[in-house]
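I opened this notebook to record what I looked up about packing in one structure. My interest was in the interior and in a few selected residues.

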Amino acid sequence: TEWLEQAFKGHLPLQNGFLEIPTEVFVPRIDLQMPPLPAIAFYDKLDGPQWKKFREADQPYSSLVLGAKKSVWIHEDDLQRFRQYTDDYLMSSISPDNLRRLPPAKKAQVIQRTAILAVDRMFENHSESNISQGSKVVSSFVHLLMKEPEAYLTLTQLSSHDPYTLQHSVGTATIALILARKIGIRNETELHELGLAGLLHDIGKTKIDPAVIN
């Protein structure tokens with residue numbers, strides 16, 4: 001969703017040092033598998049430019065009560081902690097347990113969208129943790145193609161004819177993996193390395209003036 005992409009890229013708008021976050025970010029569903037709340041203080045916005053804290057960062061809080069609110073506010077000092085929370089949320093969305101509940105076409109869409117965001121992060125900062133996130137996405141691609149061949153068509157359709165570098169990188173990884181499977185490569189390590197190479201093949205563009213690229 002839009003809020004998740006904005007948070008992942010660090011593009012959430014600030015209002016007097018506070019950010020409004022939809023409550024569904026923290027309470028996506030009410031069940032036993034609900035993720036724990038992050039160590040972030042929550043605020044309500046009062047009339048005018050005033051905010052009132054209703055939950056301390058280390059305070060347990062009822063998810064049922066929180067779910068009754070449409071949104072909460074967090075302070076900009078907690079932005080990095082919130083960004084880490086969204087990173088973890090995204091990566092958990094492509095875990096085998098979560099993907100197992102989805103039909104093949106939906107799995108392909110979730111993995112592809114997460115891959116685009118992960119590549120965006122890698123292009124922004126080639127850190128070991130960001131490369132690791134991209135690696136996890138490739139693992140999901142490999143697992144999907146090995147376990148559910150019917151996902152081939154969906155992945156191909158998702159990856160075709162997109163002019164943007166990030167989507168193109170994901171498309172290259174996807175097509176490389178599909179081609180490798182079609183010509184008989186079955187070794188998961190080889191497939192994983194091939195997919196990661198596809199994601200990173202254009203990363204040199206980060207060192208080139210955008211005016212030249214465009």
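The entries below follow the order of my look-ups.

Entry 1, status of the model. I noted at the outset that this is a predicted model.

Entry 2, the nonpolar cores. I looked up the largest nonpolar core and found 30 residues in it. Ile111, Val137, Phe141, Leu155, Val170 and Leu199 have the most contacts inside this core. I then listed the helices that supply at least two residues each: H3 (79–93), H5 (104–124), H6 (128–147), H7 (151–159), H8 (165–182) and H9 (188–200). H5 gives the most, with ten residues. Apart from this core I recorded another, of 15 residues, including Phe26, Leu37, Phe42 and Tyr85.

Entry 3, Leu155. Beyond its neighbours within four places in sequence, I found Leu155 in contact with Ala108, Phe141, Leu144, Leu145, Thr174 and Ile178.

Entry 4, Ser169. I located Ser169 in helix H8. I class Ser169 as buried because its relative accessibility is 0%. Setting aside residues up to four places away in sequence, Ser169 touches Val119, Phe123, Gly198, Leu199, His201 and Asp202.

Entry 5, Trp73. I placed Trp73 in strand E4, residues 71–75. Is Trp73 buried or exposed? Its relative accessibility is 8%, so I count Trp73 as buried. Leaving out neighbours within four places in sequence, I listed its contacts, among them Gln15, Phe18, Leu19, Phe42, Tyr43 and Trp51. I also looked up Trp73 and Lys52, which stand 21 residues apart in sequence and 9.3 Å apart in space, C-alpha to C-alpha.

Key
Residues are numbered from 1 along each chain as its sequence is written. This is a predicted model: local features need pLDDT of at least 70, side-chain atom pairs count only at pLDDT 80 or more; totals for chains, interfaces and linings use all residues. Side-chain values use heavy atoms; hydrogens and water are left out. A nonpolar core is a set of buried Ala, Val, Leu, Ile, Met, Phe, Trp, Tyr and Cys residues joined through side-chain atoms within 4.5 Å. Buried means under 20% relative accessible area, exposed over 50%, partly exposed in between (1.4 Å probe, protein chains only). Contact means heavy atoms within 4.5 Å.
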